[in-house]
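Reader: Could we go through the pockets of this model together? I would like to begin with the biggest one.

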Amino acid sequence: MHPSEAISIEDLRRAARSRLPRAVFEFFDGGAEDEITLRANRQAFERLRVLPRVLVDVSAVDTRTQILGRESSLPIAVAPTGAVGFGWPGGDVGIARAAAACGIPYTLSTTATASIERVAREAPGRLWFQAYIFKGRDFTFRLIERARACGYEALMVTVDLPVGGKRERDNRNHFAIPFRFTARNLRDFASKPGWALGMLRTGMPVMENLVGFTPEAVSASGIASSVGRNYDPSFDWDGLKAMRDAWPEKLILKGIVHPADAERAVTLGCDAVVVSNHGGRQLDGGIATLDALPAVVRGINGRIPVWVDGGVRRGVDVIKALALGAQAVLVGRATLYGACAAGEAGARRALDILRSELVRAMQLCGAPSVAAIRPDLLFRK
Ligand SMILES: Cc1cc2nc3c(=O)[nH]c(=O)nc-3n(C[C@H](O)[C@H](O)[C@H](O)COP(=O)(O)O)c2cc1C
């Protein structure tokens with residue numbers, strides 16, 4: 001499919017599904033266990049209804065807003081997603097370039113398949129670096145220093161993954177990074193020759209940030225398996241304080257849903273929080289992020305920005321999140337589907353779709369600017 005044929009994020013999702021082997025698509029698309037939280041994120045958006053205003057001059061709509069003190073063309077930033085290269089060779093750089101072209105921030109994951117340095121070189125734009133915390137901590141601090149040396153504007157610390165979630169689709173599909181070649185997934189991979197040829201041409205993607213993570217982690221397989229074993233479940237608020245002290249630029253805390261955790265984030269000196277449950281990929285049975293948002297917004301009470309992610313698939317979803325008090329949303333799968341369907345062009349298409357849907361929805365709501373998206377735009381029983 002040519003990306004311009006996609007008219008919704010769901011079209012890009014379908015295009016990604018038809019291009020990728022099932023195991024790879026489900027790794028990106030799926031969630032943990034029964035996927036209750038994954039579905040709940042979407043359902044929370046679908047349940048919430050807008051109460052539009054009319055007879056407002058909406059001939060010119062301004063979607064610009066401030067994110068971390070700088071202008072962004074949309075109240076949207078790209079969330080960190082690891083392993084994108086398994087969906088499209090060079091996919092991380094493609095998404096980063098699409099974000100730069102659109103004028104919004106991009107977050108590079110620790111487990112990206114492109115390095116901190118490569119993305120800074122090939123996709124100059126507003127770059128944030130997302131850190132996972134590994135046992136031993138030294139390696140994490142070295143990553144942070146690399147991000148600082150490359151001029152990354154903010155550090156995002158993800159805290160909803162002390163251990164990995166139980167993703168049963170991956171188990172059933174024999175999906176692991178690095179790939180395990182079983183009869184079943186070899187058939188699956190061979191059924192998508194376009195994808196398979198791309199992989200053969202460029203070679204198995206590598207988690208480039210993590211080369212040298214442990215002495216044995218030199219091959220793609222060594223890196224991926226040592227990462228999985230080395231998340232640090234003992235990381236706590238004291239650990240976060242040490243990161244705050246080590247990083248003088250903006251610090252974003254991602255993966256909170258409880259107002260008490262938001263309060264501690266403010267006390268500790270975080271510059272923003274992301275209400276997130278990792279797109280339903282870790283704890284299943286956890287609250288939908290949109291349901292968690294109002295209490296966090298109330299508790300923070302304007303002291304630092306609150307952002308939200310999980311389930312944003314339409315422009316009007318951005319309006320709903322902002323009307324509930326978020327200053328911006330992050331998108332994970334939306335740009336990921338685009339990149340898996342058609343690389344950089346697909347990621348650009350995803351952002352174009354969200355932008356044009358947002359503009360239209362703002363016009364239909366009588367909200368010509370981001371500041372005009374206020375709580376009274378929501379229908380409450
Ligand atoms: C395939 C995939 C990989 C992800 N990798 C990371 C990651 O490396 N670091 C992180 O903080 N979050 C990661 N996330 C979570 C996203 O940053 C984000 O919270 C989530 O995707 C938002 O939900 P959405 O996909 O419905 O937009 C990942 C999500 C997906 C779907």
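Author: Certainly. In this predicted model, the largest pocket has a volume of about 1,000 Å³. Its lining consists of 46 residues, and those closest to the centre are Phe27, Arg167, Tyr231, Arg281 and Gln282.

Reader: Which elements give two or more residues to that lining?

Author: They are α2 (22-29), α7 (168-172), α10 (220-229), β10 (328-331) and α15 (333-365). Of these, α10 gives the most, with 5 residues.

Reader: And how does the lining of the largest pocket divide by class?

Author: There are 19 nonpolar, 18 polar and 9 charged residues in the lining of the largest pocket.

Reader: Where is the ligand, then?

Author: The ligand takes up the space of the largest pocket. Around the ligand are 22 residues, with Pro80, Ser109, Thr158, Asp309 and Gly311 coming nearest.

Reader: Which polar side-chain atom lies 2.8 Å from a nitrogen atom of the ligand?

Author: That atom belongs to tyrosine 132. In addition, a polar backbone atom of arginine 333 is 2.9 Å from an oxygen atom of the ligand. The protein covers 98% of the 600 Å² of accessible area that the ligand has on its own.

Reader: Changing topic, how much space lies in the second largest pocket?

Author: The second largest pocket holds about 350 Å³ of space. It is lined by 18 residues, and Glu10, Arg13, Arg42, Arg313 and Tyr337 lie nearest its centre. The largest share of this lining, 6 residues, comes from α3.

Reader: What classes of residue are in that lining?

Author: The lining of the second largest pocket has 3 nonpolar, 5 polar and 10 charged residues.

Technical notes:
Residues numbered from 1 in each chain as written. Predicted model: local features only at pLDDT ≥ 70, side-chain atom pairs only at ≥ 80, totals over all residues. Heavy atoms only, no water. Near = heavy atom within 4 Å. Polar contact = N/O pair within 3.5 Å; in protein donor to acceptor, adjacent residues only side chain to side chain. Areas by Shrake-Rupley, 256 points an atom, 1.4 Å probe, with all protein chains shown as cover. 1 Å grid on protein atoms, 1.4 Å probe; cavity = no way out; pocket = protein on both sides within 12 Å on 5 of 7 lines; lining within 4 Å. Sits in = over half its atoms within 2 Å of the grid points. Points joined across faces, edges and corners; volume = space filled by probe spheres on them. Helix = DSSP H or I, 4+ residues; strand = E, 2+ residues; numbered from the N terminus. Nonpolar A, V, L, I, M, F, W, Y, C, P; charged D, E, K, R; others polar.
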